[in-house]
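This report describes the strand pairing, the fold and the confidence of a single model. Please keep the sequence and the structure in view while reading.

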Amino acid sequence: MKIPRLLLPFAALCAVVCAHAENIVGGPKGGRLLETEPLRAEFFVTPERKVEIVFYDAALKPVAPGAQSVTVTAEPAGGRVKLELEKTATGFLSTQPLPEGGPYRVVVQARADAEAKPRNFRIDLNLAPCGECQRAEYACICEGH
Ligand SMILES: [Zn+2]
């Protein structure tokens with residue numbers, strides 16, 4: 001099969017433009033990909049405003065989290081709310097939606113296992129879509145955001 005010649009310049013252009021953003025990888029579901037260890041985790045807000053955490057292997061295939069765990073704390077102006085999480089096949093889902101309002105900060109605390117040191121990821125929960133990448137602002141992969 002012949003590759004249409006017309007597409008080649010666009011492919012080359014993308015290779016140049018996209019190289020700038022090589023450190024920013026978007027989550028496959030459209031959420032924010034967190035550099036947790038040993039598996040990477042995606043922070044995703046469902047249409048019901050529930051928080052979903054999905055773990056991925058190196059090939060970004062959803063996998064069971066094993067001993068890896070997270071806690072999710074919303075920090076709206078009215079006070080902190082720690083979300084209850086229930087285990088799913090490939091991560092966690094909050095049993096309650098995120099508090100109304102925003103944007104506010106959400107802290108995801110991740111541990112490789114029960115004994116590991118926790119690592120905090122702070123996310124500004126802005127659900128408005130980014131005009132450039134069309135992802136929600138909290139999951140924006142544009143350079144400089
Ligand atoms: Zn963007």
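## The S6–S7 hairpin

Strand S6 and strand S7 (residues 91-94) run antiparallel and are joined by four bridges. Two strands are taken as paired if DSSP finds at least two bridges between them. Strands (E, at least two residues) and helices (H or I, at least four residues) are DSSP runs, numbered from the N terminus.

Two residues separate S6 from S7 in this hairpin. Lys87 faces Phe92 of S7, and Thr88 stands opposite Gly91 of S7.

## Basis of the model

The model is predicted; local features require a pLDDT of at least 70, side-chain atom pairs count only at pLDDT 80 or more, and totals for chains, interfaces and linings use all residues. Residue numbers start from 1 along each chain as its sequence is written.

## The five-stranded sheet

S7 also pairs with strand S3 (residues 51-56), in the antiparallel sense, over three bridges. Within this pair, Glu52 stands opposite Leu93 of S7.

Both strands belong to an open sheet of five strands, in the order S1-S2-S3-S7-S6, with antiparallel pairing. Strand S1 (32-34) and strand S6 (85-88) form the edges; each has a single partner strand, so one side of each lacks a neighbour in the sheet. From one strand to the next, the twist averages 25 degrees, with axes as lines fitted to C-alpha atoms and angles from 0 to 180 degrees between N-to-C directions. In general, the strands of a sheet pair through backbone hydrogen bonds, either parallel or antiparallel.

## Strand S2 and its two partners

On one side, S2 pairs with S1 in the antiparallel sense over three bridges, and the hairpin joining S1 to S2 passes through five residues. Arg32 has Phe43 of S2 as its bridge partner.

On the other side, six bridges connect S2 and S3, again antiparallel; Val45 has Val51 of S3 as its bridge partner. This hairpin has five residues between its strands, and Arg49 in the turn shows a positive phi of about 65 degrees. Strand S2 (residues 40-45) is mostly covered, with five of its six residues buried. A residue is buried if 20 or more other C-beta atoms lie within 10 Å of its own, exposed if 12 or fewer, and partly exposed in between, with C-beta atoms placed from the backbone.

## Gly30, ahead of S1

Gly30 is located in the loop between helix H1 (7-19) and S1. It counts as partly exposed because it has 13 C-beta neighbours inside 10 Å.

Leaving aside residues up to four places away in sequence, Gly30 touches Phe44, Arg135 and Ala139; a contact requires C-beta atoms, placed from the backbone, within 7 Å. Gly30 and Glu42 are 12 residues apart in sequence, and their C-alpha atoms are 8.7 Å apart.

## Overall composition and confidence

The protein has one helix and nine strands, running α-β-β-β-β-β-β-β-β-β from the N terminus on. Of its 145 residues, 24% are buried. Among contacts with a separation of 6 or more, 43% link residues 24 or more positions apart.

The mean pLDDT is 88, and 83% of the residues reach 70 or more; pLDDT is the predictor's confidence in each residue, from 0 to 100. Over residues 13-21 the pLDDT is below 50, and this stretch has three contacts in the model beyond near neighbours in sequence. Where pLDDT is low, the predicted coordinates should not be read in detail.

Terms used
Two residues are in contact if their C-beta atoms, placed from the backbone, lie within 7 Å.
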